[in-house]
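This report walks through side-chain packing, aromatic pairs and charged contacts in one structure. Please keep the sequence and coordinates open while reading.

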Amino acid sequence: MKAKEPFETVVRNHGRTVFRVCCAIVGAHDADDAWSETFLAAMKAYPDLPADANVEAWLVTVAHHKAIDITRIRTRQPVPTDVVPEPSSREDAREFDDLAAAVDQLPPKQKHAVAYHYLAGLPYNEIAEILGGTAAAARRAASDGIATLRRTYLGELVEVTAPQTSAGRSQK
């Protein structure tokens with residue numbers, strides 16, 4: 001049985017992934033709160049976590065629950081209007097805001113599947129455990145979400161063509 005790494009190492013190794021997931025689910029405004037709540041809850045539960053557990057998947061699950069809690073609170077209370085610090089460049093900020101808005105418009109299952117797979121790098125079977133359902137359903141939700149993002153974020157449907165054979169015919 002392998003020994004568990006110190007909790008500060010867990011935070012250092014997985015903090016960025018948890019932040020990206022929180023940001024995708026609750027938005028940039030509440031991501032810091034979701035991240036903090038995730039690691040506070042994780043710190044309390046970490047001693048009881050089995051040494052062979054997938055820590056990243058566990059943290060994403062905790063982040064998912066904390067993000068839901070924050071979403072519920074946000075719908076019941078007014079949103080603070082503090083000024084968010086400027087990112088490194090206006091163009092980066094605008095692109096991020098556009099993408100974040102497009103992700104936010106996805107249906108919840110698609111939004112979460114996209115965040116967990118493309119931002120956290122989780123495999124579909126672990127996403128299925130978090131969201132409920134099968135790995136195939138998680139794969140489909142992520143695929144549908146990405147297709148919607150391509151249409152809305154890029155402003156056009158990207159047409160994919162089959163590769164050409166040497167005879168010039170498409171391979172099917």
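## Aromatic pairs

F39 is buried in this predicted model. Its relative accessibility is 6%. The ring of F39 pairs with that of W35. The two centres lie 4.7 Å apart, and the planes meet at 55°, a tilted arrangement. W35 counts as partly exposed, at 26% relative accessibility. Both residues belong to helix 2 (residues 28-45). They are 4 residues apart there, so about one helical turn separates them. An α-helix has 3.6 residues a turn, so residues three or four places apart point the same way.

Y46 and W58 make another tilted pair, 6.3 Å centre to centre with 40° between the planes. This pair links distant parts of the chain. Y46 sits in the loop between helix 2 and helix 3 (55-76), while W58 lies in helix 3, 12 residues apart. Y46 is buried at 7% relative accessibility. W58 has a relative accessible area of 18% and is also buried, because the cut-off is under 20%.

How many aromatic pairs does the whole structure hold? The search finds 4. One aromatic cluster is formed by F7, W35, F39, Y46 and W58. Y46 has a charged neighbour too: the charged end of K4 sits over its ring, 4.6 Å from the centre.

## Nonpolar cores

W58 also appears in the largest nonpolar core, which has 37 residues. The residues with the most contacts inside this core are W58, L59, V60, Y116, L122 and I127. Helix 1 (7-26), helix 2, helix 3, helix 5 (108-119), helix 6 and helix 7 each give two or more residues to the core. Where does the core lie relative to the domains? Domain 1 (1-76) and domain 2 (99-160) both contribute residues, so the core lies between them. In soluble globular proteins, nonpolar side chains tend to be buried together.

Leaving aside residues up to four places away in sequence, W58 touches A42, A45, Y46 and L49. Apart from the largest core lies another, of 6 residues. Its members include A102, V103, V114 and I146.

## Helix 6

Why is helix 6 (residues 124-131) described as largely enclosed by the rest of the structure? The reason is that 6 of its 8 residues are buried. They are Y124, E126, I127, A128, I130 and L131. I127 is also among the residues with the most contacts inside the largest core. Just after helix 6, G132 takes a positive phi of about 85°.

## Salt bridges

The whole structure has 2 salt bridges. One joins K111 to D104, with the closest N and O atoms 3.2 Å apart. K111 is buried, at a relative accessible area of 10%. D104 is partly exposed, at 40% relative accessibility.

The other bridge joins D144 to R140. Here the closest N and O atoms are 2.9 Å apart. Which helix holds these residues? Both lie in helix 7 (residues 135-153), 4 residues apart, about one turn of the helix. D144 counts as partly exposed at 25% relative accessibility, whereas R140 is exposed at 55%.

Terms used
Residues numbered from 1 in each chain as written. Predicted model: local features only at pLDDT ≥ 70, side-chain atom pairs only at ≥ 80, totals over all residues. Heavy atoms only, no water. Salt bridge = Lys/Arg side-chain N within 4 Å of Asp/Glu carboxyl O. Buried < 20%, exposed > 50% of the residue type's maximum accessible area, 1.4 Å probe, protein only. Phe/Tyr/Trp six-rings, centres within 6.5 Å; stacked < 30°, edge-to-face > 60°. Lys NZ or Arg CZ within 6 Å of the ring centre and 35° of its normal. Core = buried A, V, L, I, M, F, W, Y, C linked by side-chain atoms within 4.5 Å. Domains from an automatic or database assignment. Contact = heavy atoms within 4.5 Å.
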